[in-house]
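Colleague: Please take a close look at one part of this model, the place where the ligand sits, and then follow the chain outward from there. A student in the first year should be able to check each step against the picture.

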Amino acid sequence: MAVLPEQVIYMDNNATTRIAPEVLDAMMPYLTRFYGNPSSMYTFGGQVGRAINQAREEVAGLLGAAPGEIVFTSCGTESDSTAILSAIQTNPEKNHLVTTKVEHPAVKNLCDNLEIFTGRKYHVTRLPVASDGTLDLQRFKDSLTDETAIVSVMWANNETGVLFPVEEMARIARERGILFHTDAVQAVGKIPIDLKQTAIDFLSLSGHKLHAPKGVGVLYVRKGTPYIPFLNGGHQEHGRRGGTENVASIVGLGRACALAAEKMAEENTRVRALRDKLEHGLLTAIPKSLRNGHPSQRLPNTANISFEYVEGEAILLHMNQANICASSGSACTSGSLEPSHVLRAMGVPFTAAHGSIRFSLSIYNTEQEVDFVLATLPGIIAKLRALSPFWEDK
Ligand code: PLP
């Protein structure tokens with residue numbers, strides 16, 4: 001039977017978010033009445049082009065960027081690919097990339113494939129993380145060489161919310177003349193960002209993580225950064241990304257960025273307080289539970305908690321029956337339960353990595369919802385542990 005949205009306690013906002021009502025309102029005219037092609041000469045199309053430019057200004061405003069530095073794309077993944085592939089093409093004499101062991105597959109798999117499909121022309125340094133998910137800056141410095149074409153390091157980790165010091169890393173890369181890209185898909189809208197104050201050359205974001213629709217993203221390209229488009233075609237986006245613009249979604253993303261700028265303080269106070277209440281409540285009520293990730297150096301909305309000696313999938317199934325949506329840190333691949341590469345890189349023990357659950361909140365969550373999860377989850381874990389052969393002796 002279908003589940004209605006109002007029945008659901010949605011705590012999976014790092015996976016995707018609901019479209020804000022204000023965003024939908026802003027989009028509707030561009031899905032209905034104003035359907036002209038923004039590239040057309042006549043006024044009916046030109047006014048659509050102006051709506052895109054207003055969105056460009058709103059996105060730039062949230063990022064502390066200039067509107068001309070904003071390129072609209074189809075998603076965070078496209079933005080990541082565009083930045084990295086551009087950097088290696090504009091630096092044909094270089095053959096080295098630096099990234100981390102905990103990137104999203106959008107960067108991780110691109111780097112893996114660059115090594116494999118170019119017959120190892122490129123080699124990639126994947127920086128390790130400490131047990132709290134943080135990076136070692138000295139190790140980063142030591143990884144840079146004269147051959148490094150680009151550094152790509154996420155601003156915030158999607159599984160644990162741990163923040164990386166990308167501003168400092170970008171400065172270090174700049175001193176060595178190396179381009180710096182950050183996948184900020186999880187950070188934008190949740191923490192303040194002012195690109196003017198940084199040496200970041202490329203930044204990726206995705207609409208559906210900040211209450212805009214799926215299928216729209218942005219690549220920030222710092223003015224003057226050498227750039228080669230990924231999608232070649234028409235002259236859209238000032239020749240930086242071919243393809244007729246996804247107008248309504250772009251307008252929605254602009255509105256979402258303006259809203260995020262307004263609501264950042266709420267995200268940082270009310271959402272953080274809800275997250276802390278949830279996390280503290282679960283860690284206190286459930287024995288052998290532990291937080292994955294640095295206690296303070298992380299996003300305000302994310303809690304990743306391991307419940308030892310139980311399977312994440314089993315927890316999620318029981319949570320699903322209570323209409324609670326969250327994610328597990330393990331993925332069922334080819335019959336074997338593989339714990340997430342992020343938790344493995346942090347050295348989370350096998351018995352804990354398998355039972356990890358990511359709760360990711362948004363401004364739409366309420367205290368009653370947190371109370372409901374706190375009242376429900378301890379019973380689910382106790383029930384599953386009663387069935388677990390690993391738990392018997394504990
Ligand atoms: N990068 C990070 C850190 C993400 O969390 C995600 C989505 O989960 C992506 C990239 C991919 O974004 P999109 O779904 O827009 O391609």
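Modeller: The answer begins at the ligand and then moves outward through the chain.

The model is predicted: local features need a pLDDT of at least 70, side-chain atom pairs count only at pLDDT 80 or more, and totals for chains, interfaces and linings use all residues. Residues are numbered from 1 along each chain as its sequence is written, and side-chain values use heavy atoms, with hydrogens and water left out.

The ligand is surrounded by 13 residues (a heavy atom within 4 Å). The closest are Thr-77, Asp-183, Gln-186, Ser-206 and Lys-209. By character, the shell divides into seven polar residues, three nonpolar and three charged. Helix H3, residues 76-90, supplies the largest share of this shell, namely three residues (helices are DSSP runs of at least four residues, strands of at least two).

Individual atoms can now be considered. An oxygen atom of the ligand lies 2.6 Å from an N or O atom in the side chain of Thr-77. At Gly-76 the partner is a polar backbone atom, 2.8 Å from an oxygen atom of the ligand. The side chain of His-208 also takes part: one of its N or O atoms is 3.0 Å from an oxygen atom of the ligand. Taken alone, the ligand exposes 390 Å², and the protein buries 87% of that (Shrake-Rupley areas, 1.4 Å probe).

His-208 deserves a second look. This residue lies in the loop between strand E7 (202-206) and strand E8 (217-221). His-208 counts as buried because its relative accessible area is 17% (buried is under 20%, exposed over 50%, partly exposed in between). Besides its place beside the ligand, the side chain of His-208 has a polar contact of 2.7 Å with the side chain of Thr-16 (N and O atoms within 3.5 Å, one able to donate a hydrogen and the other to accept it).

From Thr-16 the view may pass to other residues with low numbers. Asp-12 forms a salt bridge with Arg-358, their closest N and O atoms being 3.1 Å apart (a Lys or Arg side-chain nitrogen within 4 Å of an Asp or Glu carboxyl oxygen). Asp-12 lies in the loop between E1 and H1 and Arg-358 in strand E15 (residues 356-360), so the pair ties together parts that are 346 residues apart in sequence. Both Arg-358 and Asp-12 are buried.

Ile-19 is found in the loop between strand E1 (9-10) and helix H1 (21-31). Ile-19 is partly exposed because its relative accessible area is 33%. Together with Leu-24, Met-28 and Leu-31, Ile-19 forms a nonpolar surface patch with about 340 Å² of accessible area (nonpolar side chains joined within 5 Å, each residue over 30% accessible and without a salt bridge).

Helix H1 has a link of another kind. A salt bridge joins the side chains of Glu-22 and Lys-263, at 4.0 Å from N to O. This pair links distant parts of the chain, with Glu-22 in helix H1 and Lys-263 in helix H8 (residues 247-285), 241 residues apart. Glu-22, at 27% relative accessibility, counts as partly exposed, and Lys-263 is likewise partly exposed, at 24%.

Helix H8 leads to a further pair. Glu-279 forms a salt bridge with Arg-298, with 2.8 Å between the closest N and O atoms. Glu-279 belongs to helix H8, while Arg-298 lies 19 residues away in the loop between strand E9 (289-291) and strand E10 (302-307). Glu-279 and Arg-298 are both buried. Elsewhere, salt bridges with shared partners join Lys-108, Asp-112, Glu-115, Arg-120 and Arg-126 into one network. In total, the structure holds 17 salt bridges.

One member of that network has a backbone angle worth checking. Arg-120 has a positive phi of about 65 degrees although it is not a glycine. Most residues other than glycine have a negative phi. The place of Arg-120 is in the loop between helix H4 (105-117) and strand E4 (123-127), and Arg-120 is exposed because its relative accessible area is 56%. Asn-323, also not a glycine, has a positive phi of about 60 degrees. Asn-323 lies in the loop between helix H9 (312-321) and strand E11 (324-325) and is partly exposed, at 21%.

Methods
Patches are made of residues with over 30% relative accessible area and no salt bridge: like charges are joined within 9 Å, nonpolar side chains (Val, Leu, Ile, Met, Phe, Trp, Tyr) within 5 Å. Buried means under 20% relative accessible area, exposed over 50%, partly exposed in between (1.4 Å probe, protein chains only). Ala, Val, Leu, Ile, Met, Phe, Trp, Tyr, Cys and Pro count as nonpolar, Asp, Glu, Lys and Arg as charged, and the others, Gly among them, as polar.
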